[in-house]
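Q: I'd like to learn how to read helix packing from a set of coordinates. Could we work through an example together?

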Amino acid sequence: MKLKNRIVEDLVFKSYLDEVMKKKKYLKMNRYIQHGNTSCLLHSIAVAYFSYRLCKTFKIKVHEKELIRGALLHDYFLYDWHAKYNPTKNVGLHGRIHPTIALYNASKDFNINEIEADIIKKHMFPLTFTPPKYRESIIVSLVDKACSIYEVFSKQAYLEMVIKIKANKKERRIISKRINLYN
Ligand SMILES: [Fe+2]
Ligand SMILES: [Fe+2]
């Protein structure tokens, strides 16, 4: 029964992921490294997946759709923040500025509601000063930090998750390009 629940939950996650991935521009995140060997795309999928799993495991009541979509878009800033001349270079710290840029991009390309906007805008708290307003935002912010630390120290992050979300062949190739999981 537990296994069956897990399979259904993974399919629910996959359906929200598929919806967001329909937008070609979203896949651009694969071009940019977030931490270690992990692309911004894989990082965002991982933060969404583990935020969702955390809520399922500990039976935390959340708006699932918003939690997943907000997490998938929390780093939708679309530039290489490691590059010498990234767009935030003369404006301020990437860590402080990218949530605003991600929210701007997400609002332009997706139908973003209040909870999703809060997740994106506040995920860097306490570096950005305003605290998260919703439970979903707090969860994503915490999972984001845990994932980031893991990515810094892992050479092939999220190997199991990539298989579990059962992405189709094309998506698998896109997600795993940077970690050489598949051909
Ligand atoms: Fe971020
Ligand atoms: Fe992040």
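A: Happily! Let's begin with burial: a residue counts as buried if 20 or more other C-beta atoms lie within 10 Å of its own. Keep in mind that this is a predicted model.

Q: With that cut-off in hand, is Ile115 buried or exposed?
A: Ile115 has 20 other C-beta atoms within 10 Å, so it is buried. Its place is in helix H5.

Q: Which residues does Ile115 touch, leaving aside its neighbours within four places in sequence?
A: Contacts of that kind join Ile115 to His63, Glu66, Gly70, Tyr134 and Glu136. Take Glu136: it is 21 residues from Ile115 along the chain, and the two C-alpha atoms are separated by 7.5 Å.

Q: How many residues of H5 are buried?
A: Helix H5 spans residues 114-122, and 7 of its 9 residues are buried, which leaves the helix mostly covered. The buried ones are Ile115, Glu116, Asp118, Ile119, Ile120, Lys121 and Lys122.

Q: What covers those buried residues of H5?
A: The cover includes three helices: H3 (64-72), H4 (94-109) and H6 (135-153).

Q: How should I read the packing of one helix on another, say H3 and H5?
A: Look at angle, axis separation and handedness. H3 and H5 pack at about 40°, and their axes are 8 Å apart. The two helices are therefore oblique to each other, and H3 passes H5 in a right-handed crossing.

Q: Which residues of H3 and H5 meet there?
A: From H3 come Glu66, Arg69, Gly70 and Ala71; from H5 come Ile115, Glu116, Ile119 and Ile120. Sorted by class, this contact has 4 nonpolar, 1 polar and 3 charged residues. As for spacing, an α-helix has 3.6 residues a turn, so residues three or four places apart point the same way.

Q: Let's try another pair. At what angle do H2 and H6 pack?
A: Helix H2 (residues 40-57) packs with H6 at an angle of about 125°, and the axes are 9 Å apart. That angle makes H2 oblique to H6. Here the crossing in which H2 passes H6 is right-handed.

Q: And which residues form the contact between H2 and H6?
A: On the H2 side you will find His43, Ala46, Val47, Phe50, Ser51, Leu54 and Cys55, while H6 brings Ile139, Val140, Val143, Asp144, Cys147 and Glu151. By class, that contact has 9 nonpolar, 2 polar and 2 charged residues.

Key. Residues are numbered from 1 along each chain as its sequence is written. Chains are lettered from A and ligands numbered from 1 in the order in which they are written. This is a predicted model: local features need pLDDT of at least 70, side-chain atom pairs count only at pLDDT 80 or more; totals for chains, interfaces and linings use all residues. A residue is buried if 20 or more other C-beta atoms lie within 10 Å of its own, exposed if 12 or fewer, and partly exposed in between; C-beta atoms are placed from the backbone. Helices (H or I, at least four residues) and strands (E, at least two) are DSSP runs, numbered from the N terminus. Two residues are in contact if their C-beta atoms, placed from the backbone, lie within 7 Å. Axes are lines fitted to C-alpha atoms, for helices over the stretch in contact, and angles run from 0 to 180 degrees between N-to-C directions. Angles under 35 degrees count as roughly parallel, over 145 as roughly antiparallel, 65 to 115 as roughly perpendicular and the rest as oblique. A crossing is left-handed if the near helix is turned anticlockwise from the far one by less than a right angle, and right-handed if clockwise. Ala, Val, Leu, Ile, Met, Phe, Trp, Tyr, Cys and Pro count as nonpolar, Asp, Glu, Lys and Arg as charged, and the others, Gly among them, as polar.
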